[in-house]
Amino acid sequence: MMAFFQETDRRQTDPATLMQEQKLQKLLLYLSRHSPFYKELFKKNGIDITAIQTLADLQFIPTTSKDDLQQRNDDFLCVPGEKVAEYTSTSGTLGSPVTIALTANDLDRLACNEYNSFLCADGTSNDSYQLMLTLDRQFMAGIAYYSGIRKLGAGIIRLGPGVPSLQWETIQRLKPTAIVAVPSFILKLIQFAKETGIDINSTSVKKAICIGENIRNTDFSLNILGKKITESWDIHLYSTYASTEMQTAFTECAEGRGGHYQPELLIVELLDENNKQVAPYTPGEVTITTLGVEGMPLLRYKTGDICMYDDEPCACGRTSLRLSPVMGRKKQMIKFKGTTLYPPALFDLLNEREEILDFVIEVYSNEIGLDQVLLYLLPVEETEACDHQIRAYLQARLRVSPHIKYVNAEEIQKKQLRDTSRKAVKFIDLRS
């Protein structure tokens, strides 16, 4: 089991740590020769890369922020333009989108990453996966899943997002064994099946790779969204966590006890406010150093995602650490009437209520700079009784009362779907 950045007797250092340290030294040399951004960072901070020998030594290198990547995007590119095989971009959830350029070698690495992930999620060459996600709009995950499944030797059905009727027609016709989808869309599939008389538990689908949304609480139990799916559909859910910048995924095994780490592809730190490594089961910001990336490698890059980790061996036999579901994003933290809130926790509360069909959370600053929360809710029925139930529930669970505006289906869809977005937006941050 690999420990987090502890100074140890070199003779006792485990093979995974030694492997990472060797790859780290190669990365530092590569960045010092090819990365305009990191060349400048090393010079400005007087960093002698030859003195960085161990994982513990990483603490002497400043972290890189998402602002750096947004403001100086081109300075992270380490190869000439003719070596770029594909341009991808982030979704822009925390600001303007960032372009991530990949070489042919990076695409091979990406395929290897997802191949490992699908193996972790009990995938085999006998499976066939229906991809209910976009494969265009520079979406890295789409090409990653496709490439990983191809490497696995399994079948692929590229159907894209949305249109429950078409999804079910394809499931019944081509009989995939698994789906790759956003969990909230799986709920829409279930609802459509109920309304049209489809017996979902008699279909070929036995598992779902869940992307983009949490299906578990931080103790790894199913959250409201996960429970709603499994109460209606007898399928095994596998949660995933990844980002375009890290070009690597953390994927659950059948035990469902966190996303498994791939130490050969990534060095991960979970840092506190002082950039110090946190202990197990303690929230920290996921900070990554990519290994084996050629086009745009990153060094101590702070993702903005807040997670916890478990470093005990998993019952599946794997010994690398596992990450909890994302508790929230650092920049999305809300301080509302003295209470700290993260969007994922609000999503869970709103998904729990049968009176709420859909929602958008909007955060803005009032005239004195304090956070305010406005919930756009699509209710089952716009009655006084329904309103009372919703407000009483939120007050009881949050201890504070956010502002509420009831909207119709057309208005909620207009709020959620933007021309530049690849997925429904349920959190809008209007704070400066």
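The following is a conversation about how some labels are assigned in this predicted model.

Colleague: Why is S320 called buried?

Modeller: The relative accessibility of S320 is 14%, and since buried means under 20% relative accessible area, S320 counts as buried. S320 lies in the loop between β13 (309-310) and β14 (322-323), and, leaving aside neighbours within four places in sequence, S320 is in contact with H260, Y261 and P263.

Colleague: What makes the approach of the S320 side chain to the backbone oxygen of Y261 a polar contact?

Modeller: The side chain of S320 reaches that backbone oxygen of Y261 at 3.1 Å, and the cut-off for a polar contact is a pair of N or O atoms within 3.5 Å, so the distance of 3.1 Å satisfies it.

Colleague: Why is the pair of F37 and F76 called stacked?

Modeller: The ring centres of F37 and F76 are 4.3 Å apart and their planes stand at 20°; because centres must lie within 6.5 Å and planes under 30 degrees apart count as stacked, the pair is stacked. The pair links distant parts of the chain, with F37 in helix α2 and F76 in the loop between α3 (66-71) and β1 (86-89), 39 residues apart. Both F37 and F76 are buried.

Colleague: What makes the aromatic pair of Y38 and F42 tilted?

Modeller: Y38 and F42 are 6.3 Å apart from centre to centre, with 35° between the planes; the distance is within 6.5 Å, and the angle is neither under 30 degrees nor over 60, so the pair counts as tilted. Because Y38 and F42 are four residues apart in helix α2, about one helical turn separates them. F37, Y38, F42 and F76 form one aromatic cluster, and the structure holds 10 aromatic pairs.

Colleague: How do you know that Y38 is buried, and how do you know that F42 is buried?

Modeller: Y38 has 0% relative accessibility and therefore counts as buried, while F42 is buried with a relative accessible area of 6%, the cut-off being under 20%.

Colleague: Which residues touch the most other members of the largest nonpolar core?

Modeller: They are F42, L299 and L323, in a core of 47 residues. The elements that give two or more residues to this core include α1 (15-34), α2 (36-44) and α5 (140-152), as well as β11 (284-290). Not counting residues up to four places away in sequence, F42 touches L28, L31, S32, I47, I49 and L299.

Colleague: How do you know that the charged end of K426 sits over the ring of F359?

Modeller: The charged end of K426 is 4.6 Å from the centre of the F359 ring, and the distance cut-off is within 6 Å of the ring centre. R353 likewise lies over the face of Y393, at 4.4 Å from the ring centre.

Colleague: What makes β12 and β15 a strand pair?

Modeller: Strand β12 (residues 301-307) and β15 are joined over two bridges in the antiparallel sense, and because pairing requires at least two bridges, they pair. I306 stands opposite G328 in β15. The open sheet has four strands in the order β10-β11-β12-β15.

Colleague: Why are β10 and β15 called edge strands?

Modeller: Strands β10 (266-271) and β15 (328-329) each pair on one side only.

Colleague: Which strands are joined to β18 by bridges?

Modeller: Nine bridges join β18 to strand β19 (residues 371-379), running antiparallel, with I361 opposite L375 in β19, whereas three bridges join β18 to strand β21 (residues 427-429), running parallel, with E362 opposite I428 in β21. Strand β18 (residues 356-365) is mostly covered, as seven of its 10 residues are buried.

Terms used. Residues numbered from 1 in each chain as written. Predicted model: local features only at pLDDT ≥ 70, side-chain atom pairs only at ≥ 80, totals over all residues. Heavy atoms only, no water. Buried < 20%, exposed > 50% of the residue type's maximum accessible area, 1.4 Å probe, protein only. Polar contact = N/O pair within 3.5 Å; in protein donor to acceptor, adjacent residues only side chain to side chain. Contact = heavy atoms within 4.5 Å. Core = buried A, V, L, I, M, F, W, Y, C linked by side-chain atoms within 4.5 Å. Phe/Tyr/Trp six-rings, centres within 6.5 Å; stacked < 30°, edge-to-face > 60°. Lys NZ or Arg CZ within 6 Å of the ring centre and 35° of its normal.
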